Amino acid sequence: MTINLGLPTFFITVNPYDIDSRMVCHYAGITDSIDIAPELIPNLRQRAEAAAKDPSACALFFEASIKAFLQCLLGIKKGHGGKIISHK
């Protein structure tokens with residue numbers, strides 16, 4: 001690919017922080033909703049424990065974060081048949 005297209009000029013790394021995420025708590029079943037009152041939000045230790053105990057919640061959070069990044073910031077949506085297409 002480098003021979004045909006040349007070297008990439010822009011790199012980006014997306015690394016969602018799942019340890020401190022309220023979405024992970026929601027996916028793990030700790031909270032009922034993402035939009036809750038600040039005093040009901042689990043503390044950092046409880047959020048970290050939820051992330052450690054439920055790796056599938058972290059995977060769901062990662063998937064949601066990457067989809068949001070691709071769709072909102074880059075304008076890329078999944079097309080028919082699993083192909084990635086760009087809508088600009």
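This is a short walk through one protein chain, from its overall makeup to one helix and one surface patch.

Keep in mind that the model is predicted. The chain has 88 residues, with four helices and two strands. Reading from the N terminus, the order is α-α-α-α-β-β, which puts the helices ahead of the strands.

On burial, 18% of the residues are buried. The accessible surface is about 7,000 Å², and carbon and sulfur atoms account for 59% of that. As for contacts, take those between residues at least 6 apart in sequence: 50% of them join residues at least 24 apart.

Now to helix H3, residues 44-53. Which of its residues are buried? They are Arg47, Ala50 and Ala51. Looking down the axis of H3, these buried residues fall within an arc of 95°, so they line one face of the helix. The other side of H3 has Arg45, Ala52 and Lys53, which are exposed. Note that H3 has an arginine in each set: Arg47 is buried, while Arg45 is exposed.

What covers the buried residues of H3? The cover includes H2 and helix H4, the latter spanning 55-73.

Arg45 comes up again at the N-terminal end of H3, where Asn43 acts as the cap. A side-chain oxygen of Asn43 lies 3.2 Å from the backbone nitrogen of Arg45.

Last, the surface. Phe10, Ile12 and Val14 make a nonpolar patch of about 300 Å². Of these, Ile12 sits in the loop that runs between helix H1, residues 2-5, and helix H2, residues 22-28. H2 is also part of the cover over the buried residues of H3.

Note on methods. Residues are numbered from 1 along each chain as its sequence is written. This is a predicted model: local features need pLDDT of at least 70, side-chain atom pairs count only at pLDDT 80 or more; totals for chains, interfaces and linings use all residues. Side-chain values use heavy atoms; hydrogens and water are left out. Buried means under 20% relative accessible area, exposed over 50%, partly exposed in between (1.4 Å probe, protein chains only). Contact means heavy atoms within 4.5 Å. Accessible areas come from the Shrake-Rupley method with a 1.4 Å probe; for residues, only the protein chains shown count as cover. Patches are made of residues with over 30% relative accessible area and no salt bridge: like charges are joined within 9 Å, nonpolar side chains (Val, Leu, Ile, Met, Phe, Trp, Tyr) within 5 Å. A salt bridge is a side-chain nitrogen of Lys or Arg within 4 Å of a carboxyl oxygen of Asp or Glu. The arc is that of the directions from the helix axis to the C-beta atoms. A polar contact is a pair of N or O atoms within 3.5 Å; within protein, one must be able to donate a hydrogen and the other to accept it, and residues adjacent in sequence count only if both atoms are side-chain atoms.
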